[in-house]
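Thank you all for coming. I would like to walk you through one protein this morning, slowly, and I will try to build up the picture one piece at a time.

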Amino acid sequence: MAINTLDRKTALILIDLQKGIVALPLVHSAQEIVARSCALARAFRRFRLPVVLVNVAGSAPGRTEQMSSRQRPADWTDLVPELEAQA
């Protein structure tokens, strides 16, 4: 079912579109995910609907299979610039 009308209380929440995550091998194309997310963000902003960008710098306690924060590049948690983060 296509959605062609959004409630005025709708917000777009984009999670983990940060440089370190999109650089990892993902199941789906990171470039396509970022492109679609950017298109959605532009559409929401055009209609003055909120866009919330979330990035995570920490890790889940007890997880051992992920790289330590010492191995991550300095810009790991920076959001991809294509999102055009706004205040």
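Let me begin with a term that we will need straight away: a nonpolar core is a set of buried Ala, Val, Leu, Ile, Met, Phe, Trp, Tyr and Cys residues that are joined through side-chain atoms within 4.5 Å. Please also keep in mind that what you see is a predicted model.

With that term in hand, we can look at the largest nonpolar core here, which has 12 residues, among them Leu-12, Leu-14, Leu-17, Val-22, Leu-49, Val-80 and Leu-83. Two elements, β1 at 12-15 and α2 at 30-46, each supply at least two residues of this core, and α2 gives the most, with five residues. One member that deserves a closer look is Leu-83, because if we set aside its neighbours within four places in sequence, Leu-83 is in contact with Leu-14, Leu-17, Ser-37, Cys-38, Arg-45 and Leu-53.

Let me step back to the whole chain for a moment. The protein has two helices and two strands, and from the N terminus on these elements run β-α-α-β. Of the 87 residues in the protein, 21% are buried, and the accessible surface comes to about 6900 Å², with 56% of that surface belonging to carbon and sulfur atoms. If we consider the contacts with a separation of 6 or more, 77% of them are accounted for by residues 24 or more positions apart.

Now to helix α2. This helix has 17 residues and reaches 24 Å from its first C-alpha to its last, which is close to the 24 Å expected at 1.5 Å a residue. Which residues of α2 are buried? They are Ala-30, Val-34, Ser-37, Cys-38, Ala-41, Phe-44 and Arg-45. Seen down the axis of α2, these buried residues fall within an arc of 130 degrees, so they line one face of the helix. For those of you who are new to helices, an α-helix has 3.6 residues a turn, so residues three or four places apart point the same way. The buried residues of α2 pack against β1, α1 and β2, whereas the face turned away from the buried side carries the exposed residues Arg-36 and Arg-46.

That brings us to the charged pairs. How many salt bridges does a search of the whole structure find? The search finds two. In one of them, the side chains of Glu-32 and Arg-36 meet at 2.7 Å, N to O, and because these residues are four apart in helix α2, they are separated by about one helical turn. Glu-32 is partly exposed, with a relative accessible area of 40%, while Arg-36 counts as exposed at 57%.

In the other salt bridge, the side chains of Lys-19 and Asp-75 meet at 3.7 Å, N to O. This pair links distant parts of the chain, with Lys-19 in helix α1 and Asp-75 in the segment after β2, 56 residues apart. Both partners are partly exposed: Lys-19 has a relative accessible area of 33%, and Asp-75 has one of 32%.

Let me turn to the loops. In the loop between β1 and α1 we find Gln-18. Is Gln-18 buried or exposed? With a relative accessible area of 1%, Gln-18 is buried, the cut-off being under 20%. Not counting residues up to four places away in sequence, Gln-18 touches Val-54, Asn-55, Val-56, Trp-76, Thr-77, Asp-78, Leu-79 and Val-80.

Asp-16 also lies in the loop between β1 and α1, and its phi is near 65 degrees, a positive value in a residue other than glycine. At 25% relative accessibility, Asp-16 counts as partly exposed. A positive phi appears again just after α2, where Arg-48 takes a value of about 55 degrees, although Arg-48 is not a glycine. Arg-48 has its place in the loop between α2 and β2, and this residue is exposed, with a relative accessible area of 77%.

To close, I would ask you to take one picture away with you: α2 gives five residues to the core, and its buried residues line one face of the helix.

Terms used. Residues numbered from 1 in each chain as written. Predicted model: local features only at pLDDT ≥ 70, side-chain atom pairs only at ≥ 80, totals over all residues. Heavy atoms only, no water. Buried < 20%, exposed > 50% of the residue type's maximum accessible area, 1.4 Å probe, protein only. Contact = heavy atoms within 4.5 Å. Areas by Shrake-Rupley, 256 points an atom, 1.4 Å probe, with all protein chains shown as cover. Expected span 1.5 Å × (residues − 1). Arc of directions from axis to C-beta. Salt bridge = Lys/Arg side-chain N within 4 Å of Asp/Glu carboxyl O.
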